[in-house]
Amino acid sequence: MESNKVNFDSLFEATPLSDTDRSCIEKTIEFVKKTLSGSESGHNWFHIERVWKNAKNISKQILKRSCHDQQANGSIESNPPVSTNTANPIINTSSLNPPTKLDLLSIELGALLHDISDYKFNNGDESLGSKISYDFLYSIKVEKSIIEKVVSIIEGVTFKGPKEKNQANSIEAQIVQDADRLDALGAIGIARAFAYGGNKNREIYDPTMKPDRNMNWEQYKNNKSSSLNHFYEKLFLLKDKMNTKEGKSMAEKRHLYMEGFVNKFLKEWEGEDYE
């Protein structure tokens, strides 16, 4: 069941990142690299970096679309001042109904810290990542309101089984969630699925083990199924669980790639790929 969906057809704007904001981001990058050094390859710094880039790209596309929609509706001048900084696109508007603000700092910090302590690698502790993130951001003097928003992003981003209720309850959280889920799809998603399965000593595939799409959160956390079943129990479901138009568009392309891979895998498994 999905809930808390943000209306991404609304208009959005963002304000520039300050020098202080950028300094916080750089410190966070250093902290994440150090903390995740030696982590499993599907959940290491490179995963974080890809999710961070995805989150920035989704934000940028949402802002561009919003700018276009405002122009089409005549709510802003035809050539509004828009930042040329691809990591931080800005829309300024004088509309009588101000667009919703996107908090770019919270998005970037949430993306960078979302897997700072994944429950799958810390004995199932779901709260440790939030605590580590809170303490770190407090130590570098990030505003409390931003820290709380980042913690909320971290707590809401996780996939909690096929029957999950979406816990990403803000615009920023849903953007980061889409960014993270994109990294579970496509060629990267395939590689990560088998890397994780190997790390946990799981079967690549066992035809006697059937996928279970009715697991609750506790069952999903303790699931020991094969790596191929993971496609049916999570990866193939993500396309329809994306929050943003931009995320969904990218997810659909990556989904098709995975379908082709799994179909080829099963043919090769059965020795039916000789045509």
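Tutor: Let's start with a term: a contact means heavy atoms within 4.5 Å. Keep in mind that this is a predicted model, where local features need pLDDT of at least 70, side-chain atom pairs count only at pLDDT 80 or more, and totals for chains, interfaces and linings use all residues. Residues are numbered from 1 along each chain as its sequence is written, and side-chain values use heavy atoms, with hydrogens and water left out.

Student: OK, which residues is Leu102 in contact with, leaving aside its neighbours within four places in sequence?

Tutor: Leu102 is in contact with Phe12, Glu13, Ala14, Ser59, Ile62, Leu63, Ile171, Glu172 and Ile175. Phe12 lies in strand E1 (residues 12–14); strands (E, at least two residues) and helices (H or I, at least four) are DSSP runs, numbered from the N terminus. The C-alpha atoms of Phe12 and Pro99 are separated by 4.6 Å, though the two are 87 residues apart along the chain.

Student: What makes Phe12 buried?

Tutor: Buried means under 20% relative accessible area, exposed means over 50%, and partly exposed is in between (1.4 Å probe, protein chains only). Phe12 has 1%, so buried it is.

Student: And what makes Leu102 stand out in the largest nonpolar core?

Tutor: A nonpolar core is a set of buried Ala, Val, Leu, Ile, Met, Phe, Trp, Tyr and Cys residues joined through side-chain atoms within 4.5 Å. This one has 64 residues, and Ile25, Leu102, Leu137, Ile175 and Phe231 touch the most other members. Helix H2 (residues 45–72) gives the largest share of this core, eight residues.

Student: Ile175 brings us to H6. Why is H6 called largely enclosed?

Tutor: Twelve of its twelve residues are buried, so the rest of the structure largely encloses H6. Among them are Glu172, Gln174, Asp178 and Arg181.

Student: How do you know that the span of H6 agrees with the expected one?

Tutor: The expected span of a helix is 1.5 Å times one less than its number of residues. For H6 (residues 171–182) that gives 16 Å, and its end C-alpha atoms are 17 Å apart, which agrees. Helix H10 (residues 245–269) has 25 residues and reaches 36 Å, close to the 36 Å expected. The buried residues of H10 include Ala251, His255, Met258, Val262 and Phe265.

Student: What makes Phe194 and Phe231 a tilted pair?

Tutor: Rings of Phe, Tyr and Trp (its six-membered ring) pair if their centres lie within 6.5 Å; planes under 30 degrees apart are stacked, over 60 edge-to-face, and the rest tilted. The structure holds 13 such aromatic pairs. Phe194 and Phe231 are 6.0 Å centre to centre with 45 degrees between the planes, hence tilted. Phe194 is in helix H7 (residues 186–199) and Phe231 in helix H9 (residues 227–233), 37 residues apart.

Student: Why is Phe194 called partly exposed, and what makes Phe231 buried?

Tutor: Phe194 counts as partly exposed because its relative accessibility is 22%, whereas Phe231 is at 0%, so it is buried. Phe231 and Phe236 also have ring centres 5.9 Å apart and planes at 55 degrees, so that pair is tilted too. Phe236 is buried at 11%.

Student: Last one: how do you know that some stretches score low?

Tutor: pLDDT is the predictor's confidence in each residue, from 0 to 100. The chain averages 86, and 84% of the residues score at least 70. Over residues 76–84, though, the pLDDT is below 50, and it stays under 50 over residues 86–96. Where pLDDT is low, the predicted coordinates should not be read in detail.
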